[in-house]
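Let's take a walk through this one together, piece by piece. Have the sequence and the 3D view open as you read.

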Amino acid sequence: MKQKFDIIQSTCIPIEIDNCNTDLIIPARYLASTTRDPKFFGDAFMHDLRYDAEGKPVEDFVMNRPAYNEAPKKGIHEIIIGGQNWGSGSSREHAAWAIAGYGVRVVISSSFADIHRNNLLNCFVLPVVVSQEFQKELFQTVKENPNAEVRVDVPSQVVTNLTTGRSEQFPINSYKKYCLMNAYDDIDFLLSNTDKIEEWEKERP
């Protein structure tokens, strides 16, 4: 889902699971689907933790708790606070599709599996790396107040806990930052440089 990134301010879903692997993010049985419908994958996000074997919501899982089940603004939590080593395991791109399909635009963690981090960026979801100390503070803030908001300033590469006022800078590849801020995938980026490419070809027959 292509959206320009600027400043994202939202309530959060705290998924405090270290080593949350891609099989938890989206079970393997969904990988056989040929659809790219965002809702299909969004509904599958964390499915086997959200629902029991009979398809009933697991009441004590954070995404099913009333406080986190519905966001106060727009009905969507645009930010997830995840545990350490988020997205480990298999490299399935479907995990990033599921996160994007659920409406999430930012995942904050102290560390990400490399392939999953790149898959998130390719699906227009920003992985934000923070210190473990700041990660713990965010978890605590959101547990104490599910309506607490976090601001992610993409141009400045700063994430702020609006409850405590504490901020940290986060790294991002300059090319991916440019693409996110312009809602470009790799093809869009090439097309935006068509004139330059054609000029280069003319100079090198």
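What follows is a short tour of strands, helices, a surface patch and some charged pairs.

## Before we start

Keep in mind that this is a predicted model. Everything below is computed from its atoms, so the residue details are best read with that in mind.

## Strand 5 and its partners

A good place to begin is strand 5, residues 149–153. Four of its five residues are buried, so the rest of the structure largely encloses this strand. On one side, strand 5 pairs with strand 1 (residues 7–15) in the antiparallel sense, over five bridges. If you want a landmark for that pairing, look for Ile-7, whose bridge partner in strand 5 is Asp-153.

Strand 5 also runs antiparallel to strand 6 (residues 158–161), and four bridges join the two. Here Val-150 stands opposite Asn-161 of strand 6, while Asp-153 has Val-158 as its bridge partner in strand 6. So Asp-153 turns up in both pairings, with Ile-7 and with Val-158. The hairpin of strand 5 and strand 6 has four residues between the strands, and Gln-157 takes a positive phi near 55 degrees there.

## On to strand 7

Strand 6 goes on to pair with strand 7 (residues 167–169), again in the antiparallel sense, this time over three bridges. Val-159 stands opposite Glu-168 of strand 7. Five residues sit between the strands in this hairpin, and Gly-165 has a positive phi near 80 degrees.

Hold on to Glu-168, as it has a charged partner too: its side chain meets that of Arg-166 in a salt bridge, 3.4 Å from N to O. Salt bridges with shared partners link Arg-166 and Glu-168 with Glu-133 and Glu-137 into one network. Are the two partners equally open to the outside, or is one buried and one partly exposed? Glu-168 counts as buried at 16% relative accessibility, whereas Arg-166 is partly exposed at 26%.

## Helix 7

Helix 7 covers residues 132–144, which makes 13 residues. From its first C-alpha to its last it reaches 18 Å, close to the 18 Å expected at 1.5 Å a residue. Its buried residues are Phe-134, Gln-135, Glu-137, Leu-138, Phe-139, Thr-141 and Val-142. Glu-137 is also a member of the salt-bridge network described above. As a reminder, an α-helix has 3.6 residues a turn, so residues three or four places apart point the same way.

Which residues does Gln-135 touch, leaving aside its neighbours within four places in sequence? The contacts are Ile-81, Gly-82, Gly-83, Gln-84, Ser-109, Ser-110 and Val-130. Gln-135 sits in helix 7 and counts as buried because its relative accessibility is 3%, under the 20% cut-off.

## Helix 9 and a nonpolar patch

Now for the surface. Ile-187, Leu-190, Leu-191 and Ile-197 form a nonpolar patch there, with about 380 Å² of accessible area together. Helix 9 (residues 186–192) supplies the largest share of the patch, three residues. One residue to click on is Leu-190, which lies in helix 9 and is partly exposed at 48% relative accessible area.

## Charged pairs elsewhere

How many salt bridges does a search of the whole structure find? The count is twelve. One of them joins Lys-2 and Asp-185, whose closest N and O atoms are 3.1 Å apart. Lys-2 lies in the segment before strand 1 and Asp-185 in the loop between helix 8 (174–182) and helix 9, so this pair ties together parts that are 183 residues apart in sequence. Lys-2 counts as partly exposed at 46% relative accessibility, and Asp-185 is partly exposed as well, at 25%.

Another salt bridge brings together the side chains of Lys-56 and Glu-54, at 3.5 Å from N to O. Lys-56 is partly exposed at 48%, while Glu-54 is exposed, with a relative accessible area of 63%.

## A last stop at Gly-101

Finally, find Gly-101 in helix 5 (residues 94–101). Leaving aside neighbours within four places in sequence, Gly-101 is in contact with Met-1, Pro-38 and Gly-42. Asn-118 comes 17 residues along the chain from Gly-101, and the two C-alpha atoms are separated by 17 Å.

Terms used
Residues numbered from 1 in each chain as written. Predicted model: local features only at pLDDT ≥ 70, side-chain atom pairs only at ≥ 80, totals over all residues. Heavy atoms only, no water. Expected span 1.5 Å × (residues − 1). Buried < 20%, exposed > 50% of the residue type's maximum accessible area, 1.4 Å probe, protein only. Patch = residues over 30% accessible without salt bridge, like charges linked within 9 Å, V, L, I, M, F, W, Y side chains within 5 Å. Areas by Shrake-Rupley, 256 points an atom, 1.4 Å probe, with all protein chains shown as cover. Salt bridge = Lys/Arg side-chain N within 4 Å of Asp/Glu carboxyl O. Pairing = 2+ DSSP bridges. Contact = heavy atoms within 4.5 Å.
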